[in-house]
Amino acid sequence: MSRDPLQYVRELALPEARHRVTRGGETPPPPSFGSGQELAAVGAQLAEFHTSVRPDQRAAVADCLLLAQLAANKASAGSRDVMAWYAKYVEVLQNVGWTTRSMEFKDTAVGDDDAGVHQAILPVLTAALGGAALAAGSLIVSVLKGLQEMDAANPWITIFDRSSTHVGGAKFQLGSVDADEAAGTVKVQLVALAIEASKEITQVLFFKLSSEHARLRAAEGQLDIGFERLEAIQSAVAARVQPFLLDNIGKIDL
């Protein structure tokens with residue numbers, strides 16, 4: 001990183017935030033994180049936190065992921081290029097202190113074009129998590145498999161759908177977050193997905209690739225950051241994303 005990360009965070013261009021208040025005129029608090037295994041929608045990302053990650057670290061990680069998404073939204077507004085969105089997303093994470101590994105997008109073959117996206121991406125996610133045995137305990141996998149039985153008006157689905165739309169299709173991420181106390185690092189095992197289509201896609205997880213002759217591309221990657229670095233940027237990042245939290249973070253109850 002050639003720039004001071006705190007200055008970078010302060011100067012980063014973000015979209016205009018929507019101001020929300022309660023009937024009493026107060027700003028309602030954002031969802032809080034616990035210490036057990038839990039799942040949350042962070043904008044266009046489903047983030048699964050394992051018990052090794054402390055609640056304060058979970059909030060800091062979610063804030064970083066949201067900051068990167070917001071900056072990418074601002075930088076690519078009106079552009080059909082989903083890859084440009086991801087380029088900005090990665091750039092932001094790198095500039096605030098995250099190390100990124102891989103993230104090479106490849107076309108993904110889909111066995112059944114009439115299957116919804118939530119079904120089509122399961123093999124990609126399973127492989128990224130280390131195979132069927134490890135994926136069996138994943139909350140993200142459980143949600144994707146049970147999505148048809150969920151209420152489409154569920155707040156987290158609303159957040160995820162709104163955030164994943166793109167002028168030329170859709171983009172979203174699935175991430176498994178762990179902490180390594182011995183190494184002093186937080187790691188995100190990430191699956192980043194892009195759907196390139198002739199128009200903006202809504203209700204992306206239920207979308208059928210055959211309906212728009214859409215192209216599904218996926219990248220597996222890893223993000224990691226040291227405990228000290230995460231703590232050092234936490235306040236600055238939190239201050240920038242605070243106006244966006246209510247519209248972009250939702251806990252997922254299973």
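**Leu-125**

I began with Leu-125, which sits in helix H5. The model I am reading is a predicted one. I looked up the exposure of Leu-125: its relative accessibility is 3%, and because buried means under 20%, Leu-125 counts as buried. I then listed its contacts, leaving aside neighbours within four places in sequence, and found Ile-140, Val-141, Leu-144, Leu-174 and Val-191. I also checked Leu-125 against Ala-192, which lies 67 residues away along the chain; their C-alpha atoms are 9.7 Å apart.

**The cavity**

Leu-125 turned up again when I searched for enclosed space, as one of the residues lining the largest cavity. How many cavities of 30 Å³ or more does the structure hold? I found one. The space in the largest cavity comes to about 40 Å³. Besides Leu-125, I noted in its lining Glu-48, Ala-128, Leu-129, Ile-140, Leu-174, Gly-175, Ser-176, Gln-189, Leu-190 and Val-191. By class, I have seven nonpolar residues, three polar and one charged. Helix H5 (122–128), strand E6 (169–180) and strand E7 (185–196) each contribute at least two residues to this lining. Of the lining residues, I had already met Ile-140, Leu-174 and Val-191 as contacts of Leu-125.

**The cores**

Next I turned to the nonpolar cores. The largest has 51 residues. I wrote down those with the most contacts inside it: Val-61, Leu-67, Tyr-86, Tyr-89, Trp-98 and Val-186. Which helix gives the most to this core? My entry is helix H2 (residues 55–75), with eleven residues.

I followed Val-186 further. Apart from neighbours within four places in sequence, Val-186 is in contact with Gln-57, Val-61, Trp-98, Val-177, Asp-178, Ala-179, Leu-223, Asp-224, Ile-225, Phe-227 and Leu-230. Val-61 and Trp-98 in that list are themselves among the residues with the most contacts inside the largest core.

Apart from the largest core lies another, of 37 residues, and I noted Leu-46, Ala-128, Leu-144 and Ile-157 among them. Ala-128 is also in the lining of the largest cavity, and Leu-144 is in contact with Leu-125.

**The pocket**

I then looked at the largest pocket, which holds about 340 Å³ of space. I recorded 19 lining residues, and Pro-15, Leu-70, Asn-73, Arg-162 and Asn-248 are those nearest its centre. The lining divides into seven nonpolar, six polar and six charged residues. H2 provides the largest share, five residues. At least two residues each come from H2, helix H8 (155–164) and helix H10 (245–248).

**Helix H8**

Is H8 mostly covered or mostly open? I found H8 mostly covered, with seven of its ten residues buried. They are Trp-156, Ile-157, Ile-159, Phe-160, Asp-161, Ser-163 and Ser-164. Ile-157 is also one of the residues of the 37-residue core.

**The whole chain**

Last, I took the overall figures. I have ten helices and nine strands in the protein chain. Its C-alpha trace spans about 45 × 40 × 40 Å along the principal axes. The radius of gyration is 17 Å; a compact globule of 254 residues would have one near 18 Å, so the chain agrees with that. Buried residues make up 49% of the 254. Taking contacts between residues at least 6 apart in sequence, I noted that 73% join residues at least 24 apart.

Notes: Residues are numbered from 1 along each chain as its sequence is written. This is a predicted model: local features need pLDDT of at least 70, side-chain atom pairs count only at pLDDT 80 or more; totals for chains, interfaces and linings use all residues. Side-chain values use heavy atoms; hydrogens and water are left out. A nonpolar core is a set of buried Ala, Val, Leu, Ile, Met, Phe, Trp, Tyr and Cys residues joined through side-chain atoms within 4.5 Å. Buried means under 20% relative accessible area, exposed over 50%, partly exposed in between (1.4 Å probe, protein chains only). Helices (H or I, at least four residues) and strands (E, at least two) are DSSP runs, numbered from the N terminus. Contact means heavy atoms within 4.5 Å. On a 1 Å grid over the protein atoms alone, a cavity is a set of points where a 1.4 Å probe fits but cannot get out, and a pocket is an open set with protein on both sides within 12 Å along at least five of seven lines; lining residues have an atom within 4 Å of a point. Grid points are joined across faces, edges and corners, and a volume is the space filled by probe spheres set on the points. Ala, Val, Leu, Ile, Met, Phe, Trp, Tyr, Cys and Pro count as nonpolar, Asp, Glu, Lys and Arg as charged, and the others, Gly among them, as polar. The radius of gyration is taken over C-alpha atoms; the globule rule is 2.2 Å times the number of residues to the power 0.38.
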